[in-house]
Amino acid sequence: MDTNELFELAEMLDNDIAHYEKNVTKLQAQIHEEKCKLSDLKSYRAHIQKGIEADIASMESNTGE
């Protein structure tokens, strides 16, 4: 390989590296956002469960069970 071929190869590699770094960064941001959404949904579900349990306890105390 001559020097020009090496420079071309280096440029191709630099472009590929830049492409992957950009996409990995974007993917990491999306993953973080999805993890936050999942956490919010789990918290909301736990809140709903407490409401259900409170309603059941209230009905049981009203019926004398």
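**A single-helix chain and its charged side chains**

At 44% relative accessibility, Glu 33 counts as partly exposed. This residue of the predicted model is a good place to begin a tour, since Glu 33 takes part in a network of salt bridges together with Glu 34 and Lys 37. Glu 33 has its place in helix H1, and the tour can widen from there to the whole chain.

The overall architecture is quickly described. One helix and zero strands make up the secondary structure of the chain. The radius of gyration is 28 Å, well over the 11 Å that the globule rule gives for 65 residues, so the chain is more spread out than a compact globule. The dimensions of the C-alpha trace can be read alongside that value: along its principal axes, the trace spans about 90 × 15 × 5 Å. Helix H1 itself covers residues 3-63. A local view of the helix is given by Glu 33 and Ser 43, which are ten residues apart along the chain and have C-alpha atoms separated by 15 Å.

How much of the chain is buried? Buried residues account for 0% of the 65 residues; to count as buried, a residue would need under 20% relative accessible area. The area exposed by the chain is about 6,200 Å², and carbon and sulfur atoms supply 58% of that area.

Attention can now return to the salt bridges, of which the count comes to two. Both of the following contacts involve Lys 37. In one, the side chain of Lys 37 meets that of Glu 33, with a distance of 3.5 Å from N to O. These two residues lie four residues apart in helix H1, about one turn of the helix. In the other, Lys 37 forms a salt bridge with Glu 34, and here the closest N and O atoms are 3.8 Å apart. Lys 37 and Glu 34 are three residues apart in helix H1, and so they too are separated by about one helical turn. Together, Glu 33, Glu 34 and Lys 37 are thereby linked in a network.

Are the partners of Glu 33 in this network buried, exposed or partly exposed? Lys 37 is partly exposed, with a relative accessible area of 42%. Glu 34 also counts as partly exposed, at 46% relative accessibility.

Beyond the network, the charges of the chain as a whole comprise 7 positive and 14 negative side chains. The centres of these two sets lie 10 Å apart. Some of the negative side chains gather on the surface: Asp 2, Glu 5, Glu 8, Glu 11 and Asp 14 form a patch of negative charge. Of these residues, Asp 14 lies in helix H1.

A second surface patch is nonpolar in character. Its members are Met 1, Leu 6, Leu 9, Met 12, Leu 13 and Ile 17, and together they have about 620 Å² of accessible area. Among them, Met 12 has its place in helix H1.

How values were computed. Residues numbered from 1 in each chain as written. Predicted model: local features only at pLDDT ≥ 70, side-chain atom pairs only at ≥ 80, totals over all residues. Heavy atoms only, no water. Patch = residues over 30% accessible without salt bridge, like charges linked within 9 Å, V, L, I, M, F, W, Y side chains within 5 Å. Areas by Shrake-Rupley, 256 points an atom, 1.4 Å probe, with all protein chains shown as cover. Salt bridge = Lys/Arg side-chain N within 4 Å of Asp/Glu carboxyl O. Lys, Arg positive; Asp, Glu negative; His and termini not counted. Charge placed at Lys NZ, Arg CZ, Asp CG, Glu CD. Rg over C-alpha atoms; globule rule 2.2 N^0.38 Å. Buried < 20%, exposed > 50% of the residue type's maximum accessible area, 1.4 Å probe, protein only.
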